[in-house]
Every structure is written in structure tokens, then in C-alpha cells.
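Here are two exercises to work through at your own pace. Have a look at the structure first, then try each task before reading its solution.

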Amino acid sequence: MLKVTHGGKRGPDAKEVARGVQKPNMGTLFITSFFLLGIIIFALYLRHNASSSSDDSAGHALPPDGRFGGLFGVHSETPSPDDKAAPDVEDAERRASLLARAASGERETLDEALSSGDAKLYDEVLNALVLSVSESDAGLLALVSYITRAESLRVNRGLAEALMLNWQKSPGRAATAKMLHLVALADDASLYQRAVELALQFWRAGRVQDLSAAELRALADGEYWVLTSHSRSSGAGFLLKRMLAHLRRELEDPK
């Protein structure tokens, strides 16, 4: 409603004036509320991200130290230096005991060394046994018999060389056949070549009794096949084959 003021002009009604004053206040309130709502949403977003990062860090945390003993025990998954040293000390003591028994001539130590799966230990035990009978022909023959009766035990280089030395004392026909066979069992092409050359040298000198050229040739060729294919195909195996070829030609027409 318009009121006529003095001077004949109408002035605004009081309600209209009040509405005019309220309009700017409502707009400001709306903008302020919207701004506050945005701040709240942004704060919630930051809080959510912080929580996610904390969870990821916890998920990728390093595992607890293996030395932690739990609530009631002192079990440690990471062995201490003392724990590692204990088996080494026990192995060294067992090895020393085995070698001492072998040095005293206890042949059963070969079986124990074989069962350990340690090829180096087996060679050391066999070498100790060979040394223990080095002054006894009967002891060496007994050791050879023990090994040949067992399918699992093997001849090594040390025993083969001892047999070659022992053979020279009595290089007969049967002894020559046995020596070449046992040296071949060591599976060493270069060592077998030495054994054949030694037998040929003694045969030429007339020191191998009752052994013909044909028999020596057959022995050398036959025991060659006792060697494994790996030894026969090696560089030493190639030299051995060449030597055997020369030996065949010589023994086919001995002078």
C-alpha cells in the first residue's frame, strides 16, 4: 500500500521497506551457508584421505623382528650365530671321529661316509684306510675285497695308485687283470692310461708271467669300457683312445 506523503507523492509502504531490507540478508545467508558446506565437505575429504594413507601404511608395515618371542616363548625364527655354529661344530667332530676310525683300519667307516652323501668325505675316509694298510699287502687286498663285494662302494684315485704300486711287486697274469680292472673302476681316463702303459712296460721287459700279447691287448681294450661315457669322451679319454690304438698295432705284431 502506498501512502500519500506531504507534497502529494506516494512513499513506500512499511512492509515493502521491510522486504527490501530482508532480500539482501537472505542472499548473503545463502552464499555463506553454501561456502560453509563446501568447507565441511573439503574437510571430510581430507580426513578420508588421511585415514586411507594410515591404513595403507599399516598394510605395508615391515614384519615384526624374527627375534620376537611372543607372549609366552622365546622362539626366534632368525638363528643366532651360536645356533648356526652348533651344527658346524657337530659336523666337524663327526668328520674327525670318522677319519680317526678310518686311520685305525675300520672299513665300515666307508659305508658311513657313503651314506653322508659327501663325496669329498668318502675320498678322505678311503685315503685314510689306504694309508692305514700301506705297509700290509694283506690289508690292502682285504680293503679291495671289502669294496668290490659292495656294489655301492667305489674305488678312488688313491686306492688305484696304491694297487698299481702293489702290483709291481708281483706282476703276474691274474694280478695284471685285477689291477687294470680296479684302476678302471676309479673312472679316471688318465690314470687308466698310466696303468695300461705300466703293464705294457712290464710285459715288454718280460716281467708279466703267462700273459700273451693278445691277452694284454684284450685286457686293455676290455677294461676301457668300464670307464663311464663321460670319462671316455673327455680330453684325457681322447688321449687314452689314441694310446690304445698304438698298443693294438704293437701287440698285433710284437717284435
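The exercises below deal with a pocket and with a pair of helices.

This is a predicted model, in which local features need pLDDT of at least 70 and side-chain atom pairs count only at pLDDT 80 or more, while totals for chains, interfaces and linings use all residues. Residues are numbered from 1 along each chain as its sequence is written, and side-chain values use heavy atoms, with hydrogens and water left out.

**Exercise 1.** Find which helix gives the most to the lining of the largest pocket.

*Solution.*
- Step 1: List the lining, which consists of Asp137, Leu141, Leu163, Asn166, Trp167, Lys169, Ser170, Ala175, Lys178, Met179 and Leu182 (lining residues have an atom within 4 Å of a point of the pocket, an open set on a 1 Å grid over the protein atoms alone, where a 1.4 Å probe fits, with protein on both sides within 12 Å along at least five of seven lines).
- Step 2: Look for elements giving two or more residues: these are helix H5 (137–149), helix H6 (157–167) and helix H7 (173–185) (helices are DSSP runs of H or I, at least four residues).
- Step 3: H7 comes out on top, with 4 residues.

**Exercise 2.** Work out how H7 is directed relative to helix H8 (residues 189–204).

*Solution.*
- Step 1: Take the angle, about 165°, and the distance between the axes, 9 Å (axes are lines fitted to C-alpha atoms over the stretch in contact, and angles run from 0 to 180 degrees between N-to-C directions).
- Step 2: Because of that angle, H7 is roughly antiparallel to H8 (the term applies over 145 degrees).

Methods:
Angles under 35 degrees count as roughly parallel, over 145 as roughly antiparallel, 65 to 115 as roughly perpendicular and the rest as oblique.
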